Amino acid sequence: MKKRILLIVLIGFLTKIYSQDKKIEFQLSLGPTLSIPKTSELTNTNVDGSPEIKSSINIGAYILPSFNYLINENSSIDFGIGFYLDRFSIEDKMGAITNKGNRNISQIQIPVNYNFHFGQDKSYHFGIGGFTSFLISAKEKGDTTADPTQIIDPNDPVFSNPTASYNNDIKDNYNSVSFGAFIQLKKFFSFSSEKRGFILLKINQYINSIKNNDSDSDLSQYIEFKNEKEPTTVNLGIGIII
């Protein structure tokens, strides 16, 4: 809550400072985020039941207030501070046990990028940049199931109910501060004679958001552990110039 209040105060302060500068525009965009499917094999073994995590498409959301500084008619710089909720559908398998659910990652992101303007009226902006992410929360909720065909004694009363629900706080699995890179494309248009807006397509690649597997495990002398693949997300947004 404190981070969100600080974000609003900072945005208001910067808006007041730069509102008189014709080279600077205040932009506000929002829309859904889509997670890109990935499969992470967590060991180097090919044995059936080796641990792996599959992520599939899920829909989150973002809101990003930002400033655009015009360098010249062909280029500009964006700087923003926004809230992002990335969501992933997860299937986490290890032996006979499968966890299947949804993972929600909330964060404050600070993206900075350089834009190249092109098109007949310079209404297309192609941007390349990076971002710093500050983790707010990370939770995973779903169901755990056991496959009786892979259990040594399927009649064991422990496995009489092969499905159980879980709701885990997984914040410790993520770095509190992480970095990433992105590319984006904006198309500007006019709402009216006085108001302009844009549509946005942005692809984000996280670099170090997930903590490494523990290499100090006793099993590490027999098995090579691998890290879960870093997430990739796509933002689809609509924005307005204020």
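Let me start with Ala 61, whose bridge partner in strand β6 is Leu 85, and please keep in mind throughout that what we are looking at is a predicted model. That pair belongs to the contact between strand β4, which covers residues 59–72, and β6, where three bridges join the two strands and they run antiparallel.

If we stay with β6, which spans residues 82–94, we find that strand β3, residues 52–56, is also joined to it, here by five bridges and again in an antiparallel arrangement. An example you can look for on the screen is Glu 52, whose bridge partner in β6 is Lys 93.

Now, what does β6 pair with through 13 bridges? The answer is strand β7, residues 97–118, which runs antiparallel to β6. Within this pairing, Tyr 84 has Gln 107 as its bridge partner in β7, and Arg 87 stands opposite Asn 104 in β7. The two strands form a hairpin with two residues between them, and Gly 95 there takes a positive phi near 65 degrees. When you follow these strands by eye, it helps to remember that in a regular strand the side chains alternate between the two faces of the sheet.

Let us move on to β7 and its other partners. Strand β5, residues 75–80, is joined to β7 by five bridges, and these strands run antiparallel; Phe 79, for instance, has Val 112 as its bridge partner in β7. Between β7 and strand β8, residues 124–146, there are 22 bridges, and this pair is antiparallel as well. Pro 111 is bridged to Phe 131 in β8. β7 and β8 also form a hairpin, this one with five residues between the strands, and in its turn Gly 119 has a positive phi of about 100 degrees.

Finally, I would like to turn to the empty space inside the model. A search of the whole structure finds four cavities of 30 Å³ or more, and the largest has a volume of about 120 Å³. Which residues lie closest to the centre of this largest cavity? Of the 15 residues that line it, they are Ser 55, Phe 88, Glu 228, Lys 229 and Pro 231. The elements that give two or more residues to this lining are β2, residues 38–41, together with β3 and β6, so named strands from the first part of my talk come back here. By class, the lining of the largest cavity has seven nonpolar, three polar and five charged residues.

Key:
Residues numbered from 1 in each chain as written. Predicted model: local features only at pLDDT ≥ 70, side-chain atom pairs only at ≥ 80, totals over all residues. Heavy atoms only, no water. Pairing = 2+ DSSP bridges. Helix = DSSP H or I, 4+ residues; strand = E, 2+ residues; numbered from the N terminus. 1 Å grid on protein atoms, 1.4 Å probe; cavity = no way out; pocket = protein on both sides within 12 Å on 5 of 7 lines; lining within 4 Å. Points joined across faces, edges and corners; volume = space filled by probe spheres on them. Nonpolar A, V, L, I, M, F, W, Y, C, P; charged D, E, K, R; others polar.
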